[in-house]
Amino acid sequence: MSDNTDNSQKRTNLAEDRTILANERTFSSWMGTGLGAVGIAIALRAVFGAVEPTWVAKAIASTFLAIAILIYWMAQRQAKKTLSRLSQNDAETQPTSAFTRLATAMTIATVATGAVLWSL
């Protein structure tokens, strides 16, 4: 192989590693967006908690919690799909199971938040 081919392959490998790391950052950003939806749900429940009937405020807050869960799993699906198309070279990446574990944990926490909001 010539030096040009070696350099080209090295640049390709580095670009692939950067893409993998960008995929992890994107996943993290989507998790933050989901948590933002949870924050909105809590704020809505706090602001509109005195509204009668109370189920209206709870239902609106629950909608944001459902949106958060949807965001978690859409992010997990997309992150796994992107990672499956790439090969790690020098970067140490998270296994795809890490995306699933985090989405599961965030879902459990969000459902627990919903249970607390409905019990108030």
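How far apart are the axes of helix 1 and helix 2, and at what angle do they cross? Hi everyone, let me start right there. The two axes come within 8 Å, and the crossing angle is roughly 175°. Helix 1 and helix 2 are therefore roughly antiparallel to each other, since anything over 145 degrees counts that way. Before I go on, please keep in mind that this is a predicted model.

A quick word on the way I'll describe things. Two packed helices are described by the angle between their axes and by the distance between those axes. I'll go pair by pair, then turn to the core and a few single residues.

Staying with the pair on the screen, who takes part? Sorted by class, the contact of helix 1 with helix 2 has 20 nonpolar residues, six polar ones and two charged ones.

Next pair, helix 2 and helix 3. Here the axes come within 9 Å and cross at roughly 180°. That makes helix 2 roughly antiparallel to helix 3. The class breakdown for this contact is 16 nonpolar, nine polar and two charged residues.

And the remaining pair on my list, helix 1 with helix 3. Helix 1 covers residues 3-47 and helix 3 covers residues 96-119. Their axes sit 11 Å apart, and the packing angle is about 5°. Because angles under 35 degrees count as roughly parallel, helix 1 is roughly parallel to helix 3. Now, which residues of helix 1 meet helix 3? On the helix 1 side we have Asn-23, Glu-24, Phe-27, Met-31, Leu-35, Val-38, Ala-41, Ile-42 and Arg-45. Facing them from helix 3 are Phe-99, Leu-102, Met-106, Thr-110, Thr-113 and Leu-117. By class, that contact divides into ten nonpolar, three polar and two charged residues.

Okay, on to the core. In soluble globular proteins, nonpolar side chains tend to be buried together. In this model, the largest nonpolar core has 17 residues, and the members touching the most others are Phe-27, Met-31 and Tyr-72. Where do the residues of this core come from? Helix 1, helix 2 (that's 54-84) and helix 3 each supply at least two of them. Helix 2 gives the most, with seven residues.

Let me zoom in on Tyr-72, which lies in helix 2. Is Tyr-72 buried or exposed? Its relative accessibility is 0%, so Tyr-72 counts as buried. If we set aside residues up to four places away in sequence, Tyr-72 touches Met-31, Gly-34, Leu-35, Val-38, Ala-103, Met-106, Thr-107 and Thr-110. Met-31, with the same neighbours left out, touches Tyr-72, Ala-75, Leu-102 and Met-106.

Thr-110 is a nice one to click on if you have the viewer open. Thr-110 is placed in helix 3. Its relative accessible area is 3%, so Thr-110 is buried. What does the side chain of Thr-110 have 2.8 Å from one of its polar atoms? That would be the backbone oxygen of Met-106. Apart from neighbours within four places in sequence, Thr-110 is in contact with Val-38, Leu-65, Ala-68, Ile-69 and Tyr-72.

Now for some residues that are partly exposed. Ser-28 is in helix 1, and at 47% relative accessibility it counts as partly exposed. The C-alpha atoms of Ser-28 and Gln-88 are 19 Å apart, with their positions 60 residues apart along the chain. Gly-36 also has its place in helix 1, and with a relative accessible area of 34% Gly-36 is partly exposed.

Then there's Ala-115, in helix 3. Ala-115 has 49% relative accessibility, so it counts as partly exposed, exposed being over 50%. How far is Ala-115 from Ser-62 in space, C-alpha to C-alpha? The answer is 9.5 Å, although the two are 53 residues apart in sequence. From Tyr-72, 43 residues away in sequence, the C-alpha distance to Ala-115 is 18 Å. Gly-36 is 79 residues from Ala-115 in sequence, and that C-alpha separation is 18 Å too.

To wrap up, here is the picture to take away. Helix 2 is roughly antiparallel to helix 1 and roughly antiparallel to helix 3, while helix 1 is roughly parallel to helix 3. Helix 1, helix 2 and helix 3 each supply at least two residues of the largest nonpolar core. Thanks for listening, and I'm happy to rotate the model for anyone who'd like another look.

Technical notes:
Residues numbered from 1 in each chain as written. Predicted model: local features only at pLDDT ≥ 70, side-chain atom pairs only at ≥ 80, totals over all residues. Heavy atoms only, no water. Axes fitted to C-alpha atoms, helices over the stretch in contact; angles between N-to-C directions. Helix = DSSP H or I, 4+ residues; strand = E, 2+ residues; numbered from the N terminus. Parallel < 35°, antiparallel > 145°, perpendicular 65-115°, else oblique. Contact = heavy atoms within 4.5 Å. Nonpolar A, V, L, I, M, F, W, Y, C, P; charged D, E, K, R; others polar. Core = buried A, V, L, I, M, F, W, Y, C linked by side-chain atoms within 4.5 Å. Buried < 20%, exposed > 50% of the residue type's maximum accessible area, 1.4 Å probe, protein only. Polar contact = N/O pair within 3.5 Å; in protein donor to acceptor, adjacent residues only side chain to side chain.
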